[in-house]
Amino acid sequence: MQNKSEPRERVGTLEASLQAILSSAVDAIIIIRHDGIIETVNQAAAGLFLYDVEDFVGKNVKFLMPDEHRHKHDEYLHNYNTTGHRKIIGIGREVTGKRKDGTIFPMHLSVGEFTENGEKYYTGIIHDLTARKDAEQALLQVQKMDAIGQLTGGVAHDFNNLLTVIVGNLELMEIQMGEFEHADLLNEAMEAAELGARLTERLLSFARRSPLEPHVVELNGLISGLTDMLQRTLGATIELTTVLIDDPWSVKVDPTQFESAIVNLAVNARDAMPDGGRLIVETRNMTLDEDLIADELELSPDDYVQISVTDTGTGMPADVIRRVFEPFYTTKDVGEGTGLGLSMVYGFGKQSGGHVTVYSELGTGTTINLYLPRYQDASAMPEKKEVEPVLKSATGGTILVVEDDERVRRLTRGRLEALGYHVLEAMHGPAALQVLAEHTDIDLVFTDLVMPGGMSGYEVAQHVQENHPDINVLLTSGYAEELMNSDKLSARNLKLLRKPYRQAALAEAISGALEGS
């Protein structure tokens, strides 16, 4: 004969099992009646919504919804109970929830239903989507920044060619006309062209395609050397303080770009402190591993030097922080900023193998951290800066100019003839090979890197070195992607002159290439 207590024991066992499932589930589980009143929640739900478990029971579940959805919940529930038309139940969808502290967060809600003793109940399983949404947003931001970088790199290529034509023709006018009544107008035009070249440089820095000239440096020395200029830039109302670690690790970066980055950060900090304040520049050594949020900083675990620039200014809201490194994005009035300062810093940091982060609080201030990877071969000594080239004249020598842009090719011919060279021309690689086959008196091939016709400047240079070893080669380019490939240049002992260039730089580069130096 069956023991009458067995069904009650099975019910008790089932309830204990269900309670164990509720307690151990990592997702939030909420059980409500047909009228929306909460019957049961698990500890995960309490942790997600920041309430105690006891705070849920007996309340309508809509108190966990944002205001714009709360007033519609009873209507949704009534429609389903009367019509059976489903919007979430048995389907699931992404919605938003509201925590006790008022914050709104994304979540995925799956709803099932069951009946007990003639009463209908609904079970909601809630998965927090905050981390996934943050990751998606971060990925979109990276893709957007890369897309903008691709655009700026292409623009810089064409713009550099235009600047080469402008600067070159202005210099030829200056050489041919000497002193004349309106020489000041010529000088102003030259200054404007140089400003355009600097603008292009900053665009390339953001795009992470600026040609860097990295040296092994000790950053404390560079920062100390900037303090006088920074103080003059900041003005009398801002106090500058440096907190530099006693024994900083060496890094391998472009010192000029690093100095520009620090100046840009200081200028942005100054503009955030119109009534004065403090600017603190700090350096410290950091070893990032999984315990020190290397992934969160978008860096691989390794040793880094951290440079922090902190101001006591107005701070930035979250929407500004999200866009702060985008080129041409600025909160300043029209005419007061290009929006390229921080984007240049960002590009320099990424191109140098590091990263840039920003932390800001409204009314308190901002800290921008630049992380640069440690250079392990600390025995390498910092190199001296190169001296500005002096314009040289030359006589004789035949140079083959290979350039697809007709304006640049015509200008280059004029500039080289002004230096005393005989010039031959070719509009692309195959044409250059034909000229080389027809002329035996060529001393130098001066070729662009990126050209149509099926041959790049590298391939022209390779052909010359293999088939005409007595002819020297000099490359030139305004295309940012090519300028970064220093390994390819050094492997073939090739030199590169970057567009746009001044007449003095052209003379120096040509002379050096002909001498084989």
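**Exercise 1.** Which side chain does the side chain of arginine 415 join in a polar contact, and at what distance? Place arginine 415 in the predicted model and state whether it is buried or exposed.

*Solution.*
Step 1. Find the element: arginine 415 lies in helix H10, which covers residues 406–418.
Step 2. Check the accessible area. The relative value for arginine 415 is 1%, and the cut-off for buried is under 20%, so arginine 415 counts as buried.
Step 3. Look for the polar partner. The side chain of glutamine 503 makes a polar contact of 2.9 Å with that of arginine 415.
Step 4. List contacts, leaving aside neighbours within four places in sequence. Arginine 415 touches Thr164, Gly168, Glu171, Leu172, Tyr501, Arg502, Gln503 and Leu506. Glutamine 503 of Step 3 is thus one of these residues.

**Exercise 2.** In what order do the strands of the open sheet of 5 strands stand, and why is one side of E14 and of E17 left without a neighbour in the sheet?

*Solution.*
Step 1. Write the order: E14-E13-E15-E16-E17, with parallel pairing.
Step 2. Find the edges. Strands E14 (422–426) and E17 (495–498) each have a single partner strand, so each has one side with no neighbour in the sheet.
Step 3. Add the twist, which averages 25° from one strand to the next.
Step 4. Examine one pair. Strand E16 (residues 472–477) runs parallel to E17, and 4 bridges join them. Among the partners, serine 477 is bridged to arginine 498 in E17.

**Exercise 3.** Which strands of the sheet does helix H10 touch?

*Solution.*
Step 1. Helix H10 packs on the sheet and touches E13 (398–402), E14 and E15 (444–448).
Step 2. Compare directions: that of H10 makes about 165° with that of E14.

Terms used. Residues are numbered from 1 along each chain as its sequence is written. This is a predicted model: local features need pLDDT of at least 70, side-chain atom pairs count only at pLDDT 80 or more; totals for chains, interfaces and linings use all residues. Side-chain values use heavy atoms; hydrogens and water are left out. Two strands pair if DSSP finds at least two bridges between them. Helices (H or I, at least four residues) and strands (E, at least two) are DSSP runs, numbered from the N terminus. Axes are lines fitted to C-alpha atoms, for helices over the stretch in contact, and angles run from 0 to 180 degrees between N-to-C directions. Contact means heavy atoms within 4.5 Å. Buried means under 20% relative accessible area, exposed over 50%, partly exposed in between (1.4 Å probe, protein chains only). A polar contact is a pair of N or O atoms within 3.5 Å; within protein, one must be able to donate a hydrogen and the other to accept it, and residues adjacent in sequence count only if both atoms are side-chain atoms.
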